[in-house]
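Me: I have some questions about the terms used for a protein model. Can we go through them one by one?

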Amino acid sequence: MNDQRFTVASLDADRRSSERRLVMVTAYDHPSARIADAAGVDMLLVGDSVAMVTLGRASTNELTLDEMCVFVSAVARGASRSLVVGDLPFMTYEPSDEDAIRSAGRLIAAGAQCVKLEGGGAMVDRVRAITGVGIAVIAHLGLTPQSAPSLGGFRAQAKTASEAQQLLADALALQDAGARALVLEAIPAPVAQLVTERLSIPTIGIGAGASTTGQVLVWHDLLGYGNRVPRFVERYADLEQQSRDAIERWSADVRSGAFPREEHTYAMPKTELAALLDGQ
């Protein structure tokens, strides 16, 4: 594992190396950031998915900028080498460039080194405005969860030639506006390959095939928390079941009296105990 700090500049260097595949995973708190950082991931995405997987809300859109700043700050304190990317929550970079700059600035102040926002079209101007004040931006196309209701739900995108052409046009425009990398979510593998070949910035895939420059997964999906498993997820652990088993064993020990044992308790000097009991 390379212990050198991964920075925004590293994105440019690794894009020129065809053998280097970038690794990004979501993180929402200090422990997850510390673990992923120690495992050697390149980027920690403090995703607005925290609204659903950690806070139990119905969509990613139910997250405030104040809340996101708390999660970004916690992750930043746990990352010693990974690049911390803060997701701009729904409607925090609208309706104006000034709003976008202000919100991005707050995530940077909270500890992020880069921000991410969703969409093309009008979002190209937002990217240009944010990068114009010196804040690095990662863009996001394909299935954009903040726009999922208008896209017909969590469904694959760019499945027709015209949709794929529009996605490519948006990708090129976002690159020209200064985006340093592009997340491609839930699009056909050939479309992701075409976009990756046409761009000079890295692409980070999630449900976009193997030809992207790197891959990202949600922490809870990767480690086996929850019941909803998108088809693009490979579960590398089953921590939900393991956690449940551990708590059930502990609960049984508590009820039977097997826990706590003597090694779990604090002793008192005999003379102090005698003095205490003599005083009763």
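**Terms and their reasons**

Reply: Leu273 has 36% relative accessibility, so it counts as partly exposed. Keep in mind that this is a predicted model.

Me: What makes 36% "partly exposed" for Leu273?
Reply: Buried means under 20%, and exposed means over 50%. The 36% of Leu273 lies in between, so partly exposed is the term. Leu273 is found in helix H12, residues 270–278.

Me: Which residues form a nonpolar patch with Leu273?
Reply: Met268, Leu276 and Leu277 join Leu273 there. Together the four have about 360 Å² of accessible area.

Me: Why does Arg106 count as partly exposed?
Reply: Its relative accessibility is 37%. That is between 20% and 50%, so Arg106 is partly exposed. Arg106 sits in helix H5, residues 97–110.

Me: What makes the link between the side chains of Arg106 and Asp66 a polar contact?
Reply: The distance is 2.6 Å. The cut-off for a polar contact is 3.5 Å, so the pair is within it. Arg106 also touches Leu65 and Cys69.

Me: How do you know that Glu185 has no salt bridge?
Reply: The nearest side chain of opposite charge is Lys116, 6.5 Å away. A salt bridge must be within 4 Å, so Lys116 does not qualify. Glu185 is buried all the same.

Me: What does the side chain of Glu185 make a polar contact with?
Reply: The side chain of His140, at 3.0 Å. Glu185 lies in strand E6, residues 181–185. Glu185 touches several other residues, including Leu141, Pro145 and Ile206.

Key:
Residues numbered from 1 in each chain as written. Predicted model: local features only at pLDDT ≥ 70, side-chain atom pairs only at ≥ 80, totals over all residues. Heavy atoms only, no water. Helix = DSSP H or I, 4+ residues; strand = E, 2+ residues; numbered from the N terminus. Buried < 20%, exposed > 50% of the residue type's maximum accessible area, 1.4 Å probe, protein only. Lys, Arg positive; Asp, Glu negative; His and termini not counted. Polar contact = N/O pair within 3.5 Å; in protein donor to acceptor, adjacent residues only side chain to side chain. Contact = heavy atoms within 4.5 Å. Patch = residues over 30% accessible without salt bridge, like charges linked within 9 Å, V, L, I, M, F, W, Y side chains within 5 Å. Areas by Shrake-Rupley, 256 points an atom, 1.4 Å probe, with all protein chains shown as cover. Lists of a residue's contacts leave out its neighbours within four places in sequence.
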